[in-house]
Amino acid sequence: FFFLKLFTISDGTMPSFMVFIGFLGPLLGIGLGFDAINSEHNRGTLSRILSQPIHRDYIINAKFAAALAVISAMLFALGMLVMGAGLVTLGIPPTAEEFIRMILFILLSIVYIAFWLNLSILFSVLFRQPATAALSAIAVWLFFSVFYPLIVNLITKGMEPSPAASPYQLVAFEQFRLALLRVMPNQLFSEATTTLLMPSVRSLGPLTMEQMIGAVPGPLPLGQSVLLVWPQVTGLAAGTIVSFVVSYILFMRREIRPR
């Protein structure tokens with residue numbers, strides 16, 4: 001899996017492609033959605049559009065679909081550029097499994113950015129001013145990126161078991177800490193992309209010695225890697241759907257008057 005290292009390693013001057021998408025992807029989604037609805041309302045064009053024989057839900061669906069199409073085209077273009085540059089530089093074509101893993105990584109990145117896009121559209125429906133919507137979405141991103149891990153560390157610091165505790169207590173504590181961290185969308189994205197692009201990752205949580213007995217060391221096949229990250233993918237998709245449904249309901253119930 002030499003070709004996959006193009007997405008996961010860095011020489012120190014620039015972050016890896018995986019880290020780059022994980023950090024700047026939310027800002028891209030927020031930038032495309034924070035003024036999707038409120039800017040139309042402030043300019044008075046929203047009431048003009050609704051005065052035409054157009055269903056109201058078509059507007060918010062089109063706002064999301066258009067931004068998602070732009071994100072998908074950009075990520076696929078970036079991914080193919082990285083693969084093309086690697087192919088020219090290395091002279092080694094990727095295997096079929098490596099290519100599928102890279103395509104799954106791009107699809108997962110689209111779902112991850114779509115969550116932040118829907119969240120920014122939700123704030124665009126809630127707040128009249130685009131600046132307020134943008135700052136609210138960025139505040140949520142900063143909370144999950146910076147402050148939430150600090151809060152989890154403070155909570156778990158006083159619950160740490162003693163070194164003399166049994167292995168089952170240590171595993172239970174680590175599972176509890178990971179469960180708190182997996183509330184963050186960026187944690188789910190990091191775990192899923194690491195597993196997809198690094199087949200040597202065989203577990204996303206602590207294992208006891210009894211669970212490791214009989215395990216053959218080696219990279220996981222594609223099917224097993226997908227099964228391993230399926231809960232993380234489901235969590236990201238669920239967050240995306242919930243954000244869109246809430247913004248959809250609020251927009252459909254909102255009273256829009258001509259200015």
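This is a short tour of a nonpolar core, two pockets and two buried residues.

The model is predicted, so local features need pLDDT of at least 70 and side-chain atom pairs pLDDT 80 or more, while totals for chains, interfaces and linings use all residues. Residues are numbered from 1 along each chain as its sequence is written, and side-chain values use heavy atoms, with hydrogens and water left out.

**Stop 1: the core**

Select Phe 7, Leu 75, Phe 105, Trp 116, Phe 189 and Phe 251. Of the 53 residues in the largest nonpolar core, these touch the most other members. Such a core is a set of buried Ala, Val, Leu, Ile, Met, Phe, Trp, Tyr and Cys residues joined through side-chain atoms within 4.5 Å. Now colour helix 6 (96–126). The largest share of this core, 16 residues, comes from helix 6. Helices here are DSSP runs (H or I, at least four residues), numbered from the N terminus.

Stay on Leu 75. Beyond its neighbours within four places in sequence, Leu 75 is in contact (heavy atoms within 4.5 Å) with Ile 21, Ile 106, Ser 109, Ile 110 and Ile 113.

**Stop 2: Asn 118**

Select Asn 118, in helix 6. Asn 118 is buried, with a relative accessible area of 0%. Buried means under 20% relative accessible area, exposed over 50%, partly exposed in between (1.4 Å probe, protein chains only). Leaving aside residues within four places in sequence, the contacts of Asn 118 are Phe 64, Thr 240, Ser 243 and Phe 244.

**Stop 3: the largest pocket**

Select Val 19, Gly 22, Phe 23, Asn 186 and Phe 189. Among the 14 lining residues of the largest pocket, they lie nearest its centre. A pocket is an open set of points on a 1 Å grid over the protein atoms alone, where a 1.4 Å probe fits, with protein on both sides within 12 Å along at least five of seven lines; lining residues have an atom within 4 Å of a point. The volume is about 230 Å³, counted as the space filled by probe spheres set on the points. The lining divides into eight nonpolar, six polar and no charged residues.

**Stop 4: the second largest pocket**

Select Leu 6, Ile 9, Ser 10, Met 14, Pro 15, Ser 16, Phe 17, Phe 20 and Val 82, which line the second largest pocket. Its volume is about 160 Å³.

**Stop 5: Thr 8**

Finish at Thr 8, in helix 1 (residues 5–8). Thr 8 is buried, at 14% relative accessible area. Not counting residues up to four places away in sequence, Thr 8 touches Ser 16, Met 18, Leu 197 and Met 198. The C-alpha atoms of Thr 8 and Met 198 are separated by 8.0 Å, though the two are 190 residues apart along the chain.

How values were computed:
Helix = DSSP H or I, 4+ residues; strand = E, 2+ residues; numbered from the N terminus. Nonpolar A, V, L, I, M, F, W, Y, C, P; charged D, E, K, R; others polar.
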